[in-house]
Amino acid sequence: MRKTGLLQAEIVGALAALGHTQTIVIGDAGLPIPDGVPMVDLALRAGIPTFWDTLETLLPECVFESYVMASETEGKNLPLLTNVREALSPMSETLVPHEEFKRMSESAQLIIRTGETSSFANIILVGGVNF
C-alpha cells in the first residue's frame with residue numbers, strides 16, 4: 001500500500017501506464033462520459049471532491065507536458081482558468097470549443113469524474129516524458 005500521495009488504485013494504475021501524448025481527463029460532475037472510456041467516479045456529492053482537490057493531487061504524480069480546456073471557460077469561469085494557468089505554468093495551453101473538448105475526451109486513457117459543479121471545470125492533461 002502506498003503511504004503518501006495518490007491512493008486511489010485505478011488512477012494510480014492509469015498514471016503509471018500513461019505514455020507520452022496520451023491523456024487523462026479531470027471532469028466536473030456534468031461532463032458526459034464517452035462510451036468505452038474508463039472512468040473513475042470520485043463524486044460523492046455536489047462539490048466533493050472539487051476540481052482543485054483532484055488536480056492538485058494528480059500533478060505531482062506524473063509528468064504532464066500540456067493541457068486542454070474549453071474556450072468557454074474564459075467567459076464562464078475565468079477565475080478557474082486563471083488559477084489553472086498559474087498552477088500549470090509554463091505548460092502549454094490549448095483552448096478548444098466545449099464540443100471539441102468532449103470529442104477529444106473520447107480518446108482519453110481515463111476520465112476522473114469529480115463532484116465539481118462550477119461551469120466548465122474540465123481539463124485534459126497530456127502525458128509528457130521525464131527525460
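Biologist: Is F51 buried or exposed?
Modeller: This is a predicted model: local features need pLDDT of at least 70 and side-chain atom pairs 80 or more, while totals for chains, interfaces and linings use all residues. Residues are numbered from 1 along each chain as its sequence is written, and side-chain values use heavy atoms, leaving out hydrogens and water. F51 has a relative accessible area of 0%, and the cut-offs are under 20% for buried and over 50% for exposed, partly exposed in between (1.4 Å probe, protein chains only). Since 0% falls under that first cut-off, F51 is buried.

Biologist: What angle between the planes does the F51 and W52 pair have?
Modeller: The whole structure holds one aromatic pair (Phe, Tyr or six-membered Trp ring centres within 6.5 Å; planes under 30 degrees apart are stacked, over 60 edge-to-face, the rest tilted). F51 and W52 form that pair, 5.7 Å centre to centre. The pair counts as edge-to-face because its planes meet at 85°.

Biologist: Which strands are at the edge of the sheet?
Modeller: Six strands make an open sheet with mixed pairing, ordered β2-β5-β1-β6-β3-β4 (DSSP runs of E, at least two residues; at least two bridges make a pair). On average, neighbours are turned by 20° against each other, direction ignored. The strands that pair on one side only are β2 and β4.

Biologist: Which residue in β5 is the bridge partner of I26?
Modeller: Strand β1 (residues 23-27) runs parallel to β5 (residues 110-113), with four bridges between them. V25 stands opposite I111. For I26, the partner is I112.

Biologist: Which residue of β2 stands opposite I112 in β5?
Modeller: Strand β2 (residues 39-41) is also joined to β5, through three bridges in the parallel sense. Opposite I112 stands V40.

Biologist: At what angle to β1 does helix α2 run?
Modeller: Helix α2 covers residues 51-58 and lies across β1, β3, β5 and β6 (contact is heavy atoms within 4.5 Å; a helix is an H or I run of at least four residues). Fitting lines to C-alpha atoms, with angles from 0 to 180 degrees between N-to-C directions, puts α2 against β1 at about 155°.

Biologist: Which residues of α1 are buried?
Modeller: Helix α1 (residues 9-17) lies across β1, β2, β3 and β5. Its opposite face carries the exposed A9, A16 and A17, while its buried residues pack against β1, β2, α2, β3 and β5. Those buried residues are I11, A14 and L15.

Biologist: How wide an arc do they cover around the axis?
Modeller: The arc is taken from the directions of the C-beta atoms off the helix axis. I11, A14 and L15 are on the same side of α1 because their arc is only 100°.
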